[in-house]
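Trainee: Can we go through this one together before I write it up? I'd like to start with the strand pairing.

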Amino acid sequence: MKPGRVSIITAVYNAASTLEGCLLSVRNQSYHDVEHIVIDGGSTDGSVELIQRHSSHLAYWISEPDGGISDAWNKGLSAATGEWIAFLGADDVLLPDALSQYLAVCGGTGVQYVCSLVCLIRPGLPDKIIGRPWSWPAFQRKMTTAHPGSLHRFDLFEKYGNYDTSYKIVFDYELLLRPGRTLTTLFLDEVTTRMLAGGNSDRFPALTEARLAKIRTGGRNRVWALWELWVESLKLAVHRVEAVCASFVL
């Protein structure tokens with residue numbers, strides 16, 4: 001691994017409408033020791049042609065069927081050469097100074113995970129800022145940090161392994177549960193990423209998967225995990241109603 005280098009891994013599947021913004025946001029970083037790795041799952045909507053047009057700015061890319069995002073991220077990890085690893089969705093945008101800000105706070109430290117604030121773009125609703133500093137008691141209950149664009153030191157994967165592909169949605173949460181309270185972290189109190197709301201993480205199956213991960217990996221009590229599932233399900237239902245009401249107003 002090259003010290004100071006940041007490897008950004010993007011999984012793509014039929015994301016031609018948003019992918020170019022993601023690619024340009026990485027290319028336009030003020031921090032320059034960056035490699036962008038793109039793993040396409042066999043897109044048929046023009047995403048591959050778009051990747052080809054930007055290929056001279058990519059460290060590595062491939063297009064082939066995969067087993068989902070966790071499988072794609074594992075493929076990206078096998079190609080990464082950076083000391084730091086970040087994951088950026090095909091519909092996410094990294095702000096221009098994001099990596100410079102990250103490296104300014106974590107360079108020379110031994111932390112394993114650095115997270116920040118993320119601006120969640122919610123069509124029909126006001127944007128929302130998400131993300132909190134990591135703390136074990138809160139993280140054991142639910143994913144409290146904003147994962148898009150956050151930095152993982154590569155040796156975190158060397159010590160705890162790659163993503164568990166049996167999880168289709170909360171594999172990022174499950175991996176960060178593995179170190180438990182020993183995970184060393186820093187928090188950057190700045191917005192580094194713009195993320196489009198939606199996707200599998202905003203659906204009820206994600207909550208049931210998270211319950212399993214909390215019990216199996218995080219050591220959470222089963223009764224508490226079930227109660228937290230009910231609470232988060234209720235919150236999600238309320239958010240769905242808010243979104244429907246906002247669509248009628250528009």
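Trainee: What is the bridge partner of Ser 116 in strand 8?

Mentor: In this predicted model, Ser 116 has Ala 146 as its bridge partner in strand 8. Strand 6, residues 113-121, is joined to strand 8 by 3 bridges, and the two strands run antiparallel.

Trainee: And which residue of strand 8 does Ile 85 stand opposite?

Mentor: Ile 85 stands opposite His 152, and strand 4 and strand 8, which run antiparallel, are joined by 3 bridges.

Trainee: How many residues of strand 8 are buried?

Mentor: In strand 8, 8 of the 8 residues are buried, so the strand is largely enclosed by the rest of the structure.

Trainee: Switching to helix 3, what do its buried residues pack against?

Mentor: The buried residues of helix 3, which spans residues 69-79, include Trp 73, Asn 74 and Lys 75. The elements that the buried residues of this helix pack against include strand 4, strand 8, helix 6 and helix 7.

Trainee: Now the outside: which residues make the nonpolar surface patch?

Mentor: Trp 224, Leu 226, Trp 227 and Trp 230 make a nonpolar surface patch of about 490 Å², and Trp 224 is placed in helix 9, residues 222-249.

Trainee: What about the fold overall, how many helices and strands are there?

Mentor: The protein has 9 helices and 9 strands. Its radius of gyration is 18 Å, close to the 18 Å that the globule rule gives for 250 residues, so the protein is as compact as a globular protein of that length. Buried residues make up 45% of the 250 residues.

Notes:
Residues are numbered from 1 along each chain as its sequence is written. This is a predicted model: local features need pLDDT of at least 70, side-chain atom pairs count only at pLDDT 80 or more; totals for chains, interfaces and linings use all residues. Side-chain values use heavy atoms; hydrogens and water are left out. Patches are made of residues with over 30% relative accessible area and no salt bridge: like charges are joined within 9 Å, nonpolar side chains (Val, Leu, Ile, Met, Phe, Trp, Tyr) within 5 Å. Accessible areas come from the Shrake-Rupley method with a 1.4 Å probe; for residues, only the protein chains shown count as cover. A salt bridge is a side-chain nitrogen of Lys or Arg within 4 Å of a carboxyl oxygen of Asp or Glu. Helices (H or I, at least four residues) and strands (E, at least two) are DSSP runs, numbered from the N terminus. Buried means under 20% relative accessible area, exposed over 50%, partly exposed in between (1.4 Å probe, protein chains only). Contact means heavy atoms within 4.5 Å. Two strands pair if DSSP finds at least two bridges between them. The radius of gyration is taken over C-alpha atoms; the globule rule is 2.2 Å times the number of residues to the power 0.38.
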